[in-house]
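Open your viewer and get ready to make a few selections. This short tour moves from one chain to the other, with a stop at each place to look around.

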Amino acid sequence: MATLELTLGEDVQAQPAQRGRRLGPLFWAAIGWVVFVFAAAVFADMLPLPSPTDMDMLARRAPFSAEHWLGTDGLGRDELSRLVYGARVSLVVGLCAPVIGFVLGGGLGLLAGYFRGQFETLVVGSMDVLLAFPPLIFALAVTAFLGQSIMNLTCILGVLSIPAFMRVARAATLTLARREFVIAAQALGATHARILIRELLPNVALPLLAYFLLVVAVIILVEGSLAFLGLGVPPPIPSWGSMIGEGRESLDVAPRLAFIPAIAMFLTVLSFNLVGDTLRAITDPRQGAL
Amino acid sequence: MTGTPLLSVERVAVDLPSARGNLRAVDQVDLSLDAGRTLGIVGESGCGKTMLSRAILQLLPKKARLSGRVMFDGQDLAHCNPETLRKLRARSLAVVFQDPMTSLNPVLTIGTQLIETLQAHLELDMIAAKKRSVDLLAAVGIPAPDQRLTQYPHQLSGGMRQRVAIAIALSCEPKLLIADEPTTALDVTIQAQILDLLAREQKRRHMAMIIITYDLGVVAGRTDEVAVMYAGRLVERAPTQALFKQMHMPYTEALLAAIPKLETAPHTPLPAISGRPPDPTRPTKGCSFAPRCRYSAGRCESEKPPLVPAETSAHQFACFHPIKIAAGVGA
């Protein structure tokens, strides 16, 4: 009885108890809606929909019917078809613009937070300049100069989202770069590239990804606002924002023309936020640490 | 031992610019360490132990200024180009930190961290690296190592994590391992296990090791040589046996007295060292320990005592009034 034997058998279970995190019905509803919108946008050409640009002047602002499920707009164009094709614009812009911000802003922030010094000063300074520039004027100037197109719109919104991504990435990197696992990697002779990509990036990517989905939602809204102001994709290409803008003119006689795209946008933005929050919570391996 | 030591630190000083003026963290330290030997660096918080280890690794904060030479394996680490330094670190240096919470990457699995380190250093393929990882984890005493590979650091206990950190440090077969307070964040039973593990692996791999600690008890049975630091300076340096047989520096004695002993009656107050370490931004003229030293007298306040050899040249101390009587504690 002199010593306490602490031996562990070979077959000892090293698997931890599974985290019992339940995904609520709200999360699945949000996923369902996002998938549904995506599918509709991707397969719009194959769906038995009338053309979103064909005008039927005899059936202007037609009510719901078997022919036009959601009725027609002020120019007699099928509302459902326009909604589906409008989802394309919203999703393309809403996903591609944050990707630009994520890659460029995230990369700059990571480098600035790791290397510090003059490079950081330069990056932070130029981002401050970009933030100080009125975004609407920037959008106006670029569209006036290069013309209205999905491509230009995506680039504008992408560039405008760079500073925010840069800040999130830099802030996360600053707290991590002097942590001991980074110093340990340096002591083991890791190159800068290795430390950035293998040690820091996986840590920084988590808050950045959560932020990404938030920005997707914001960009969809911003795209809608720009289209509402007539700065979005050129007519007759439908987009949710321009549909709301056009519906505004007949708000008194056919309020549904503004409300249907508004509801679609609302649900999509809400779903992205919900999915983003939940995914962040369940994929963060640090949440188990005290 | 043999001609040139593996590591020799020559007149190394580290200055940190701070808001209150220049902070001298390490002051003219000389040390040397042969391959396969263990050196313990002992001192209380803020005495420059960690800064000295960072100076050896060349991982000082960017603002810090280093002077002196750090000769490692025939090369001066303080004055070689970044690429040479990186390769040298990759081949022969490794470090284990105090807190295993922060010394492992929280978002990568144990396996990823080990396997990637192995692949980067030894150019192994995936299967070989994985096999070696399992071997390493088994060597540091982790049960069911192949299952641990898929786990994240937060799923392991503190002791386990420190074992993993040691496994990663050992993965590239370093010639010198610096253990910076490797057991401070762990409880006492685990402390002994980790120290024994380090000692065992050190013998097996014939690597040199520096153990940094505030606890003389930690270095007592596990080091070949002990260096005691106070306020950035080396105040006593001796082979471990000689130090515990006959310590000369009052600070060393005070450190030893501050360790709780089993045979004293319960509720006996610990003889803590009164006062606080001197402000490193305001260098004192005399011995920096003088204000707290019970033997302090005369020129202690006005003159810095140099390191002088005691009975043997291996035992050095910096004190005008060295302790003559035996401290009475065996190693």
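Helices here are DSSP runs of H or I with at least four residues, strands are runs of E with at least two, and both are numbered from the N terminus. Bear in mind as you click that this is a predicted model.

**Stop 1: chain A.** Colour chain A by secondary structure. You should find nine helices and zero strands, so the order from the N terminus reads α-α-α-α-α-α-α-α-α by the run definition above. Of the 290 residues in chain A, 38% are buried. If you draw a contact map, look away from the diagonal: among contacts between residues at least 6 apart in sequence, 71% join residues at least 24 apart.

**Stop 2: where the chains meet.** Now show both chains. Here 26 residues of chain A are in contact with 29 residues of chain B. Select 180–187 and 192–228 of chain A: these are α6 and α7, and each supplies at least two residues of the side that touches chain B. By type, that side of chain A divides into 14 nonpolar, six polar and six charged residues.

**Stop 3: the sheet of chain B.** Hide chain A and follow the eight strands of an open, mixed sheet in the order β6-β7-β8-β3-β9-β10-β12-β11. Which strands stand at the edges? They are β6 (93–96) and β11 (308–309) of chain B; each has a single partner strand, so one side of each has no neighbour in the sheet. Zoom in on β11(B), which runs antiparallel to β12 (residues 316–317) of chain B and is joined to that strand by two bridges. Val308(B) sits opposite Phe317(B) there. Next, select residues 158–170 of chain B: this is helix α6, which packs on the sheet, touches β6 and β7 (176–180) of chain B, and makes about 175° with the direction of β6(B).

**Stop 4: a covered helix.** Select residues 49–57 of chain B, helix α1, where nine of nine residues are buried. Among them are Lys49(B) and Arg54(B), along with Leu52(B) and Ile56(B). Just after α1(B) comes Gln58(B), with a positive phi near 60°.

**Stop 5: two more positive phi values.** Most residues other than glycine have a negative phi. Asp73(B), however, has a phi near 55°; look for this residue in the loop between β4 (65–72) and β5 (75–76) of chain B. Asp73(B) counts as partly exposed because it has 16 C-beta neighbours inside 10 Å. Finish at Ala144(B), whose phi is positive at about 50°, in the loop between α4 (126–139) and α5 (145–148) of chain B. With 18 C-beta neighbours inside 10 Å, Ala144(B) also counts as partly exposed.

Technical notes: Residues are numbered from 1 along each chain as its sequence is written. Chains are lettered from A and ligands numbered from 1 in the order in which they are written. This is a predicted model: local features need pLDDT of at least 70, side-chain atom pairs count only at pLDDT 80 or more; totals for chains, interfaces and linings use all residues. Two residues are in contact if their C-beta atoms, placed from the backbone, lie within 7 Å. Ala, Val, Leu, Ile, Met, Phe, Trp, Tyr, Cys and Pro count as nonpolar, Asp, Glu, Lys and Arg as charged, and the others, Gly among them, as polar. A residue is buried if 20 or more other C-beta atoms lie within 10 Å of its own, exposed if 12 or fewer, and partly exposed in between; C-beta atoms are placed from the backbone. Two strands pair if DSSP finds at least two bridges between them. Axes are lines fitted to C-alpha atoms, for helices over the stretch in contact, and angles run from 0 to 180 degrees between N-to-C directions.
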